[in-house]
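Colleague: Could you give a close look at disulfide bonding in this model? Please set out the criteria as you go, and add a neighbouring topic if it helps to compare side-chain burial.

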Amino acid sequence: MRNRLSQILFQEFDVPEETFKEAQQTCIEQNGVLSEILIKKKIITEHQLLEAFSRLYHIPFLPRIAIDDLDMDFTQRVSIQFLKKYAMVPVKNLPLPEGDEAFSPGMGKPVILINDPSAFQPLDDLTKMLAWEDVFLILSTRESILSLINTAYDSSRDTAQQLVADMEESGFDIISEIEETADLLDDTSDAPIIKLVNHIISQSVKNGASDIHLEPYQTSLKVRYRVDGVLYDLLSPPKWMQSTLTSRIKVMAKMNIPEKRLPQDGRFEVKIGDQSIDIRVSTIPITHGERLVMRLLNKSNKLFQLPELGLKDEKLKIIEHLIHSSHGIILVTGPTGSGKTTTLYAILSKINSPDINIITIEDPVEYQLKGIGQIQVNPKIDLTFARGLRSIVRQDPDVILIGEMRDQETADIGVQSALTGHLVFSTLHTNDSASAITRLIDIGVEPFLISSSVIAVVAQRLVRVLCHDCKEAYHPDEETLKQLRQIKINEDLGDDAIPASDGPVTIYRATGCPRCFNTGYKGRIGIYEIMVLNESLQNMIMKTHDSHQIMREAVRHGMTSLYDDGIQKVLEGSTTIEEVLRVTQT
């Protein structure tokens, strides 16, 4: 038959018949699925394969499906594991393309989206589960189908508030049930506390949270999460749930459950749909119980590139020039949560190539970088920054990343590495770029070593980005503009951030809509000041370590302050004045 799959692939997509037969043989040997092997071996793309299936089985193909109002009835009758295993999802009232004869037979019928039209038995089982007789099949990509499945089952779950309400109805019975459960890690358990913890985590991940806080008070318990650097209330469970919630999370993190008098640290991993989340747990004893914080790290997120961080034009050119230096120290400074590690990972991704050896020592290793050696600090076995760094320099590195210069020993080894021909990146917790010099001198590094090894200091903050769907333009009054011109991190830095204008200045304010969870903001972007140590600054460091004098000298040579970079992003419509003031007025 001319419409055999091999013939269609040969005629339409130039796939040689011999190559197709080799894939068939591999399929037999590995007891695999032919379509998956064809794609895995890159003989053909998934899009091309589905087009071939469409011709072979006379089933229309929709590459991408967008459904605003998804009917979730099937989630009560079909397990998510079944649908994911066979990559199919039932959809009622799918808006089919008009005027396309291929879709006209499906008008008014329930639709099943499938990825593999040869999976006849699972398809038959699904129609029986749903009690559907006359259905219309549509081919779609695995990614689109899995996305719909995840959306449907996530939306159909009980809300955290509903779970709490259900638990309150049978309060102490639930506590005894949890305490008698042998294995709380069993994901199939129907224990309400397990469902509640799972929902708190999944809802936080869905909203893009970086941290979850469990905060006990005298007569209440509060659950909050941090989104784009700001804490929001998520839930207020009754006080009696405190110990069971904390115990469940401590079990997941393999922590000592009875020990409530000492701080503890732990970690665990979860999968939510196609996302892999690494969760680090920290507890401390406070007056009214254990305070617990979970740090969420979404390992499925892609690494940012330098232009995506907020570095533009001149600043981007300066960074790209600096990171290709043959030796020296480049410091990235800012408070906790200001994006220092993200910036350093973006830099390493930019310079990573087969001809250089990059080794890092971090606490913790947040992302796995292909082609880069990464060491995890482990104080329990005395693997500190300093000890790991001494070993790194014997590994013939070209580039070294030190997670943080915490003490004199680490800083001294970093300086010596820079002076002996290595490019060293590291971080410091300081408020601005000039304060990094003061900090290094405070921990014991000699000024002449700083001036000869440090080539640049990058200070940064993260500001929230205005939601594109609801941001509102307005003209600030002249009095506000005058005040803004006067507000600086340092009064001597000048007032050129907001230029005088003959016409009104247009900026934007946050309002709020469902897409941004009514915050007015969606995502974050960096603001930067880059202090390159030229000869003038090197000479000044030899004479003084006063950060104010160093800052004035850097600005005199053209450095843009954090505040000024932030105001530039306000004028571009990326963020608000309030956000810039919030992160720069320290």
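Modeller: A disulfide is counted where two cysteine sulfur atoms lie within 2.5 Å. The model is predicted, with local features requiring pLDDT of at least 70 and side-chain atom pairs pLDDT 80 or more, while totals for chains, interfaces and linings use all residues. Numbering runs from 1 along each chain as its sequence is written, and side-chain values use heavy atoms, without hydrogens or water.

By that criterion, the search of the whole structure returns zero disulfides. Cys 467 shows why a candidate pair fails: the closest cysteine sulfur, that of Cys 470, is 3.8 Å away, which is too far for a bond. Cys 467 is also buried, its relative accessible area being 1% (buried is under 20%, exposed over 50%, partly exposed in between, with a 1.4 Å probe and protein chains only). Cys 27 is likewise classed as buried, at 15% relative accessibility.

Burial can also be followed at Thr 584, a residue of helix H22, which spans residues 577-584 (helices are DSSP runs of H or I, at least four residues, numbered from the N terminus). Thr 584 has a relative accessible area of 3% and therefore counts as buried. The side chain of Thr 584 makes a polar contact with the backbone oxygen of Val 580, at 2.6 Å (a pair of N or O atoms within 3.5 Å, one able to donate a hydrogen and the other to accept it; residues adjacent in sequence count only if both atoms are side-chain atoms). Thus Cys 467 is buried and without a bonded partner, whereas the buried Thr 584 has its side chain directed to the backbone of Val 580.

Key. Helices (H or I, at least four residues) and strands (E, at least two) are DSSP runs, numbered from the N terminus.
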